[in-house]
Amino acid sequence: MYRNNRVGVVIPAYKEELLIVPTLESVPDFVDRIYAVDDASPDNTGALIDSYTKKDSRVFPIHHKRNKGVGAAIISGYKQALVDGMDYVAVMAGDNQMDPLFLPELLDPVVDGAADYSVGNRLVNEEFRRGMSKWRFIGNSILTLLTKIASGYWQLMDPQNGYTVISRRALETVSLDAIYPRYGYCNDLLVWLNTFGFKVKNVPHPARYGLERSKIKYSTYIVRLSWLLLNAFIWRLKTKYVLLSFHPLVFFYLAGALFTFFSVLFGLYAIWFKFIMGNPIFVPGVVSVIVFGIGVQFLLSAMTFDMQEENKGTWYN
């Protein structure tokens, strides 16, 4: 128990035979249940999880018959935690990267009711992200910006951080089966949480790297996730600001996108008008710049309205 609440920890694991046991050993004593999810690992990860249940009765092994992705592994743990009546559920990766000493700091804002979802933040300063490669930091920064826009959590940092705590009521509200099953699940979950008005809090903690190696290839991951976030962004606007409630920022976003798109087309026409047709570029060039400025103004206004909606409370309050 933690402050008279039942706490579960989900540990997704894929090919983590070197680190899964140290990870299980590190889980604090106040945790009531440990959901160790073997995502069809071809190595001894699953066997090591099963063996560890003899040492620690809190461990509940879950085995996927086929590899479904880290998001699907976490969702399997979430679902079992709901069945077992956990009040709060944390996620700690199976690579022993997440320092258990910071788990209370992630739990406290959620237990206190200040948020329904807390996310670790390794990007807050240089000391905390020490050991993170520049390429990884740049990738995280790009994805942070894209996730801010898509999710509507404009104050959020480090959304790629998998060290999280979520409340039972949030888990019971979002559609767990609809969450993206692979890398990108954390970004997709944030979109769902914002759509239903749940508050999210960043909790600073230092990065911890050891024997593990990141399985994310940022060169392809950013492109793939950008498409996911675009679709999630459109779904959030439709669901939150049209179906569940209404806000004119939807029209601001739409107008901004259209004006910006047509300004680019008109800019290309201006170039063709000048260099192919041999005509003066001044008039079409000025028109394209004006249209582009109008589009940007609409987009900035929409973002401002979205920021104002960020912490207004859940849809059922």
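1. Let's start at the front end: Asn5 sits in the segment before S1. This is a predicted model, so read what follows with that in mind. Asn5 has a relative accessible area of 16% and is therefore buried, the cut-off being under 20%. Its side chain reaches the backbone oxygen of Arg3 at 2.8 Å. Setting aside neighbours within four places in sequence, Asn5 is in contact with Asp32, Asp87, Tyr88 and Val111.

2. On to strand S1, residues 7-13. How many of its residues are buried? Seven of the seven, so S1 is largely enclosed by the rest of the structure. In a regular strand, side chains alternate between the two faces of the sheet. In S1 both faces are covered: Val7, Val9, Ile11 and Ala13 are buried on one side, and Gly8, Val10 and Pro12 are buried on the other.

3. Which strands does S1 pair with? With S4 (residues 88-91), S1 pairs in the parallel sense over four bridges, and Val7 stands opposite Tyr88 there. With S2 (residues 33-38), the pairing is again parallel, over six bridges; Ile11 has Ala36 as its bridge partner in S2. To get from S1 to S2 the chain passes through helix H1 (residues 20-26), and this β-α-β crossover is right-handed.

4. Now the nonpolar packing. The largest nonpolar core has 32 residues, and those with the most contacts inside it are Tyr78, Ile166 and Leu193. Elements giving two or more residues to this core are S2, H3 (70-83), S4, S5 (117-121), H6 (168-173) and H7 (185-195). If you want one residue to click on, try Ile166: beyond its neighbours within four places in sequence, Ile166 is in contact with Tyr78, Asp87, Tyr88, Val89, Val110, Asp116, Tyr117, Leu171, Leu189 and Leu193. Another core, of 29 residues, lies apart from the largest one, and its members include Ile20, Val59, Ala90 and Val165.

5. A word on Cys186, which has its place in helix H7. Is Cys186 buried or exposed? Its relative accessibility is 5%, so Cys186 counts as buried. Not counting residues up to four places away in sequence, Cys186 touches Pro159 and Gln160. Cys186 and Val70 are 116 residues apart in sequence, yet their C-alpha atoms are 9.9 Å apart in space.

6. Last topic, the aromatics. The structure holds 13 aromatic pairs. One of them is Phe246 with Phe251, a tilted pair at 5.9 Å centre to centre with 55 degrees between the planes. Why does Phe246 count as exposed? Because its relative accessible area is 54%, and the class begins over 50%.

7. Tyr269 and Phe273 also form a tilted aromatic pair, 5.6 Å centre to centre and 35 degrees between the planes. Both lie in helix H9 (residues 249-275), four residues apart, which is about one turn of the helix. Tyr269 has 36% relative accessibility, so it counts as partly exposed. Elsewhere among the rings, Phe252, Phe259, Phe298 and Phe305 are linked into a cluster by ring pairs.

Notes: Residues numbered from 1 in each chain as written. Predicted model: local features only at pLDDT ≥ 70, side-chain atom pairs only at ≥ 80, totals over all residues. Heavy atoms only, no water. Phe/Tyr/Trp six-rings, centres within 6.5 Å; stacked < 30°, edge-to-face > 60°. Buried < 20%, exposed > 50% of the residue type's maximum accessible area, 1.4 Å probe, protein only. Pairing = 2+ DSSP bridges. Right-handed = clockwise from strand over helix to strand, strands pointing away. Core = buried A, V, L, I, M, F, W, Y, C linked by side-chain atoms within 4.5 Å. Contact = heavy atoms within 4.5 Å. Polar contact = N/O pair within 3.5 Å; in protein donor to acceptor, adjacent residues only side chain to side chain.
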